[in-house]
Amino acid sequence: MLDLLIRGGQVVTPTGVGQWDVAVQGEKIVGVVLPGSLGSEAAEVIDATGKIVAPGGVEAHTHVGFPHRDNIWGNTTTAGPEDLSLAALWGGTTTMMDFAIATQPGSDDVLAAVHTHADLFPGRMYIDYSFHCSFHGPSTTTRNIPRIRELIEAGFPSIKVYTTNHAPRPNRPITMISTGQLVSVMEQAAEHGGIVAIHAEDDEVVQWNYELAREQEEWAWYYLPKIRSNLSEDLAVRRAIIVAEHTGAAMYIVHTSAREGVDAIAESRAKGHPVDGETILLYCSFNSENYKEHDGMKYHTYPSTKSEDSRLRLWDGLHRGDLNILATDAIGTSYADKIKGRTVVDVQGGNIGIEIRMGVAYSEGVVKQGMSLERYAAITSTNPAKLLGFYPQKGAIAAGSDADIVVIDPNERRTIAMEQLHIGDYNPWEGWEVQGWPTVVTLRGKVMVKDGQFMGDTSQGRLIPRKLSSAVLKGPIS
Ligand SMILES: [Zn+2]
């Protein structure tokens, strides 16, 4: 007898959407079959009539326990593994990515550094997970770059780099790498089957813009989009793309925020390069005008939101396939920390989008903008799974895949309210009217959320080894 049968729903599969039953045995999907053809015998049956059955969300970009170091008001650490993964699971996300700093001063052993970070997680995660391996500027050397191969072979094939530094303030951590370092990192990725994830802003432009802001007394937080400008993103994305095209490396731009960034990605993809783009729900939801509200810093995460024109281009890119990942860059910053910084140099990043991502993307994308269910599943689950090397274990409703499933009730209408969420103490989306929301979530065959009941626990989340397919390494996916 089957362990779980999800009956009667509109199922989003790799070959299209249809009315099927989804059969689960143990942790795996064992069949996607015509309704009723397996009978109704199963240890647990979920009636999904009138509902949408989609692959569990894959969140490509979160920061767990992010240390906001050396800020002018002191050190703080944001929400930990339990907090972020709890919110994720409630919201229909069953796999998430965090970041591990691979380049530690005094050691060239990048894999040991990632394992040290990973050791903090067992027993603390409600959902499955892995880590991007971050290479930070001064510690990215000729000795440890060749060891990227060890990371890829150990199941961590995504390398994260920054092309800009934090705001000019005392004791800021230095994160950016030079273009030269980027070339070497990309050569390693290209040779050994990795992908490079890039925070792309032009540091020279950004740092100069801080100087101009000081000069022109544009020091309030809401001037940040002027500093973290469209031109800065345009320059940095194009430079990264040129390096990728020369080295043959697969790469994607994280948190793409500007029209120019999307255009640059689209051009490289049209030439057949394995170049892609992520954007985040915050940038799709708000624009730089929102910053002018009295606590408008709550809409900020780095780089920054841009104009309405760019916001619309982000959605357009998600529809057309210029951007293939809708992530959140979730960092569980508290409201108090969020609003402490009131100038362009001390506003804190972070947002709580991880819980509402699947629901808001459905409501905004599918209901309001007519996005197909296939495309919805692609940007929230399938494509992040492919680009990060989880696929087809994750990101698909197909025989052999993990039974990570989200059932969305398209008729569920709600007003997003802080007291219904499971993360944080502020909410930029407060009061949003949405239609369609996850009501059932399974992780590897276990029902974790069902109609408001929560069965998850922190012993369930598992570190998933990853490997990129040759399709992802060789050309653009869609
Ligand atoms: Zn980030």
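The questions and answers below concern a sheet, the helices packed on it, and one valine of a predicted model.

In this predicted model, local features need pLDDT of at least 70 and side-chain atom pairs count only at pLDDT 80 or more, while totals for chains, interfaces and linings use all residues. Residues are numbered from 1 along each chain as its sequence is written.

Reader: Which strands are the edge strands of the open sheet of eight strands?

Author: Strands are DSSP runs of E of at least two residues, helices are runs of H or I of at least four, both numbered from the N terminus, and two strands pair if DSSP finds at least two bridges between them. The order is S6-S9-S10-S11-S12-S13-S14-S15, with parallel pairing. Pairing on one side only marks the edge strands, S6 (57-59) and S15 (325-327).

Reader: What angle does the direction of helix H8 make with that of S14?

Author: Helix H8 (residues 259-270) packs on the sheet, touching S13 (250-253) and S14 (275-280), where contact requires C-beta atoms, placed from the backbone, within 7 Å. Axes are lines fitted to C-alpha atoms, for helices over the stretch in contact, and angles run from 0 to 180 degrees between N-to-C directions. For H8 and S14 the angle is about 155 degrees.

Reader: Does Val449 count as buried or exposed?

Author: Val449 is found in strand S18 (residues 446-450), and the residues it touches include Leu89, Trp90 and Phe454. A residue is buried with 20 or more other C-beta atoms, placed from the backbone, within 10 Å of its own, exposed with 12 or fewer, and partly exposed in between. Because Val449 has 21 C-beta neighbours inside 10 Å, Val449 counts as buried.

Definitions and conventions: Contact = placed C-beta atoms within 7 Å. Lists of a residue's contacts leave out its neighbours within four places in sequence.
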